[in-house]
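Work through the exercises below with the model open beside the text. Each task is followed by a solution in steps.

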Amino acid sequence: MTQQTRKRIIFVDDQVSNLMIGRNVLSANYDVFTVPSSKKMFELMDKVYPDLILLDVEMPDMDGYETVVRLKENATYKDIPVIFLTAKTDSSSELKGLNLGAIDYITKPFSPPLLLKRIEVHLLILSQRIQLEKQKKQLQSYNENLEETVKEKTKTITELQNAVLETVAELVEARDDVTGGHIERTQSYLKILFDGLRESGIYADIIKSWDVDMVIQSAQLHDVGKISVNENILNKPGRLTAEEFEEMKKHTSVGGKIIEHIQERTSEHSFLKFCKSMAVSHHERWDGNGYPCGLKGEDIPLEGRLMAIVDVYDALVSERPYKKAFSHEEAVNIIKDGSGTQFDPTLIELFIREQERFSETAKGILSGSNKSMLCEAEQV
């Protein structure tokens, strides 16, 4: 990394030992400025404008939460990404930080490789956002007669939008060691169901106005709320306890709040609408016994009902630390048993008709031999 391309990071922590560790971990890739308090940080920022801030939560005089509020109130500093570093592990503290405007929440002691990866991904997102805003401003200035130019720029913006979605999805999936490839596979399964819907005319009145490709892209963020779930729960090599499962269930409502936070900062809401809907509703049940809202029947958004099927199917045919992978046939039978209770019966009929295409897409996944209860899949 050359001097001209090195990003600047300000690391704020009242513990000198933490500052030394942070400098040692980051200095090979970034220009690192360490300060022991928020007051010193603001003084430094009169001279050094950072690309990213690593901020301790628990500090005397001005804690991390108050510091973020002051940053977001300042027009000069409000867009600087802030990552919290803290010993707090409760989900309420994480959610508070995210709601105030932090982009991530890392518990201490942190893993140096994970910290570097998180910073790399967030700086990439920042770079893509800047590019996207630049492209939008250029697009707005073009003459309406330049139709071909407008089409090309629109394509570029869509590609950037998809790149941002993919980057955020990869960040979430990187925290969850047990579900690698889940996002890509569920998108493939969704496409199969959408093809079936269009061919059969099922729910045609609902999907006729949808940009299906955009909806499938939106599915990448259905588990974005897992960014707030403790990594010990995400990567636990066994069944979750009742208490841990309650924490895991919060990823649906947290995911909705994260996407709402993005909506407040952009005028482009069409794809975010589907992102939020899938994030919140993909664990609702047809019989009303799902979460987080306990919606029933067609009160559950169609995109949530579709996501529920592909999410469970992938969980069943994939290996997990607490179970072997089920065969395609076993997975189909379990999902069929959930028709009218967990799943929309009309969509299950479509799923059964399209099951061979699901099987072809799932090739390469190890088959399991022991049938398990459906609730195992609901923990994913």
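The exercises concern a predicted model, and they go from single residues to helix packing and cores.

**Exercise 1. Cis peptide bonds**

Task: Find which residue K108 is joined to by a cis peptide bond, and which residue Y291 is joined to in this way.

Solution:
- Step 1. The bond between K108 and P109 is cis, with omega at about 0 degrees.
- Step 2. P109 sits in the loop that runs between β5 (104-107) and α5 (112-141).
- Step 3. Y291 and P292 are also joined by a cis peptide bond, here with omega of about 10 degrees.
- Step 4. The loop that holds P292 is the one between α13 (270-281) and α14 (302-317).

**Exercise 2. Positive phi outside glycine**

Task: Locate D61 and Y203, and decide for each whether the residue is buried or exposed.

Solution:
- Step 1. D61 is not a glycine, yet its phi is positive, about 70 degrees.
- Step 2. D61 belongs to the loop between β3 (52-56) and α3 (64-73).
- Step 3. The relative accessible area of D61 is 83%. Exposed means over 50%, so D61 is exposed.
- Step 4. Y203, likewise not a glycine, has a positive phi of about 50 degrees.
- Step 5. Y203 is in the loop between α7 (182-200) and α8 (204-207).
- Step 6. The relative accessible area of Y203 is 13%. Buried means under 20%, so Y203 is buried.

**Exercise 3. The pair α12 and α13**

Task: State how α12 and α13 are oriented to each other, and which residues meet.

Solution:
- Step 1. The two axes, of α12 and α13, come within 7 Å and cross at roughly 165 degrees.
- Step 2. Angles over 145 degrees count as roughly antiparallel, and α12 and α13 are therefore roughly antiparallel.
- Step 3. The crossing of α12 and α13 is left-handed.
- Step 4. From α12, the residues T252, G255, G256, I259, E260, I262 and Q263 take part; they meet L272, K273, C275, K276, A279 and V280 of α13.
- Step 5. Sorted by type, the residues of this contact are 6 nonpolar, 4 polar and 3 charged.

**Exercise 4. The nonpolar cores**

Task: How many residues does the largest nonpolar core have, and which have the most contacts inside it?

Solution:
- Step 1. The largest nonpolar core has 50 residues.
- Step 2. L190, F194, L197 and Y313 have the most contacts inside this core.
- Step 3. The helices that each supply at least two of its residues include α7, α9 (212-218), α12 (251-263) and α15 (328-337).
- Step 4. The largest share of this core, 10 residues, is supplied by α14.
- Step 5. Neighbours within four places in sequence aside, Y313 is in contact with Y189, H328, A331, I335, F351, F358, S359 and A362.
- Step 6. There is a second, separate core of 22 residues, with I10, F42, M45 and V57 among them.

**Exercise 5. Two helix residues**

Task: Decide whether E330 and Q187 are buried or exposed, and place each in its helix.

Solution:
- Step 1. E330 is part of helix α15. With a relative accessible area of 18%, E330 is buried.
- Step 2. E330 and V317 are 13 residues apart along the chain, and their C-alpha atoms are separated by 8.6 Å.
- Step 3. Q187 is part of helix α7. With a relative accessible area of 15%, Q187 is buried.
- Step 4. Beyond its neighbours within four places in sequence, Q187 is in contact with I216, Q217, A219 and Q220.

Conventions. Residues are numbered from 1 along each chain as its sequence is written. This is a predicted model: local features need pLDDT of at least 70, side-chain atom pairs count only at pLDDT 80 or more; totals for chains, interfaces and linings use all residues. Side-chain values use heavy atoms; hydrogens and water are left out. Helices (H or I, at least four residues) and strands (E, at least two) are DSSP runs, numbered from the N terminus. Buried means under 20% relative accessible area, exposed over 50%, partly exposed in between (1.4 Å probe, protein chains only). A nonpolar core is a set of buried Ala, Val, Leu, Ile, Met, Phe, Trp, Tyr and Cys residues joined through side-chain atoms within 4.5 Å. Contact means heavy atoms within 4.5 Å. Axes are lines fitted to C-alpha atoms, for helices over the stretch in contact, and angles run from 0 to 180 degrees between N-to-C directions. Angles under 35 degrees count as roughly parallel, over 145 as roughly antiparallel, 65 to 115 as roughly perpendicular and the rest as oblique. A crossing is left-handed if the near helix is turned anticlockwise from the far one by less than a right angle, and right-handed if clockwise. Ala, Val, Leu, Ile, Met, Phe, Trp, Tyr, Cys and Pro count as nonpolar, Asp, Glu, Lys and Arg as charged, and the others, Gly among them, as polar.
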